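Visitor: Could you take me through one part of this protein slowly? I am new to reading structures, so please explain the terms as you go.

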Amino acid sequence: MHELHPISRRHLDAMSGDLGIFQHAIGSRPDPAHGYCVDDVARALEVDLLHARGLGWTAVAESVRRGLRFLEEAFDAPSGRFMNFRSVGGEWIGGPGSNDSLGRAMLALGETIAGAPDARIIEAAENLFGRALPAAGKVTSPRAQASVVLACAAVGRAGAVNGSSDERDLMLGAAASATMRGMATGLHARFLDFARPGWPWPEATLTYENALLPRALIVAGHRLGAEAMLRIGLQVLDWLIDVQTAPKGHLSPIGNGWWPRNGTKSQFDQQPIEATALLLAAEAAYAATADPRYVGAMEQAYGWFLGANDLRRRIADPARGAGRDGLTASGVNTNEGAESTLMWLMAAEHIRAIRSQHPGARAAGTPRRVGSTRGRFAIAAAAVAAPAAAASPGAAAASAR
């Protein structure tokens, strides 16, 4: 089992400008020329909330306020979406951002509503979440849909919403619940319609942040009591764990060349976002099933950052709280950009939490090669695909209720 390290925000602080966290770095130095983006500011907000658990609210409160202010200023009222790219001088570049950036902003707002201890910050996050929810509820790209599902699930567990008698809070909770159900049902239908034996995936190519999709199905299925949705999410996650586990038992994420169906899985460049997405999906699976092998998958993904990978090289520098930009065929990409650093910091805090909350699961959750159970994954893949021939989106929606 890999060592846990004390929280370090040294590199996070070094990467932060007046408005938020810079996107890119050259080595360990921030590269202000590329400015800021909503995607990374949103992720930094999530990391701040995680760090508040160990460092206390005072240590992160100003960073949280800065991140929330960035999202408020990014909101484009005419479209109901968020602009994404911002220069170092504060000017917005281009119009409303991508569907992914919208989903990531919503997820950060949802986590803020669920996790911030400051009533004023929660109120500001609720107001912005409510203004953006109508547009977010219309996105059709699967990763954005998955982020919105997770955002709405976070609002659903928020005490500030659930425990409130305020009409605005009740309306926000109801709207978030309806959006989560509708989007999760649509995502479930996408899997049923597209999956085939041996390829239980709703796209022709596995690309980036893949485990985000089954994570959303697992969280929504568990929350809604939708057994079919939960089952598909778990089966697809099992498949992703299987196809990304090397013969020696370590994580070998799909590289940046992707993996087309009936094609060859790209080995490099491996990205930190893939390891953390898998870790978070496994955490959701453990919460839904209490199966300790998902803790093993979390530990496997965490280990990838610390040298348990194809090249036996460290991706993270825990002492500075930095994450390097990926694993290439020739070694580690030594640039320490925002996404990579935030993925390391996020992974470390979720491992810290799972070890603290479920110490009994740790021993049984040792990472292991799943080749001995490959038949189970083949059956799972077929089970995902089996209903596809007969299931229309409407039928899938009915099965998810």
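Guide: Happily; here is a walk around strand 5 and its neighbours, with a short look at the whole chain first.

This is a predicted model, in which local features need pLDDT of at least 70 and side-chain atom pairs count only at pLDDT 80 or more, while totals for chains, interfaces and linings use all residues. Residues are numbered from 1 along each chain as its sequence is written, and side-chain values use heavy atoms, with hydrogens and water left out.

The protein chain has 16 helices and 12 strands. Both are DSSP runs numbered from the N terminus: helices are H or I with at least four residues, and strands are E with at least two. Of the 401 residues in the chain, 60% are buried. Buried means under 20% relative accessible area, exposed means over 50%, and partly exposed lies in between, using a 1.4 Å probe on protein chains only.

Now find strand 5, which covers residues 81-86. Because 5 of its 6 residues are buried, strand 5 is largely enclosed by the rest of the structure. Let us meet its partners, remembering that two strands pair if DSSP finds at least two bridges between them.

Start with strand 4, residues 75-76, which pairs with strand 5 in the antiparallel sense over 2 bridges. Here F75 has F82 of strand 5 as its bridge partner. The hairpin of these two strands has 4 residues between them, and in it G80 takes a positive phi near 75°.

Next comes strand 6, residues 92-96, which runs antiparallel to strand 5 and is joined to it by 3 bridges. Look for F85 opposite I93 of strand 6, and for R86 opposite W92. This hairpin has 5 residues between its strands, and G90 takes a positive phi near 105° there.

Strand 3, residues 36-37, is another antiparallel partner, joined to strand 5 by 2 bridges. R86 turns up again here, since this residue of strand 5 has Y36 standing opposite. Beside Y36 in the numbering, C37 has a relative accessible area of 3%, so C37 is buried. Elsewhere in the chain, C152 also counts as buried because its relative accessibility is 3%.

Those cysteines may make you wonder about disulfides. A disulfide is a covalent bond between the sulfur atoms of two cysteines. With the cut-off set at a pair of cysteine sulfur atoms within 2.5 Å, a search of the whole structure finds 0 disulfides.
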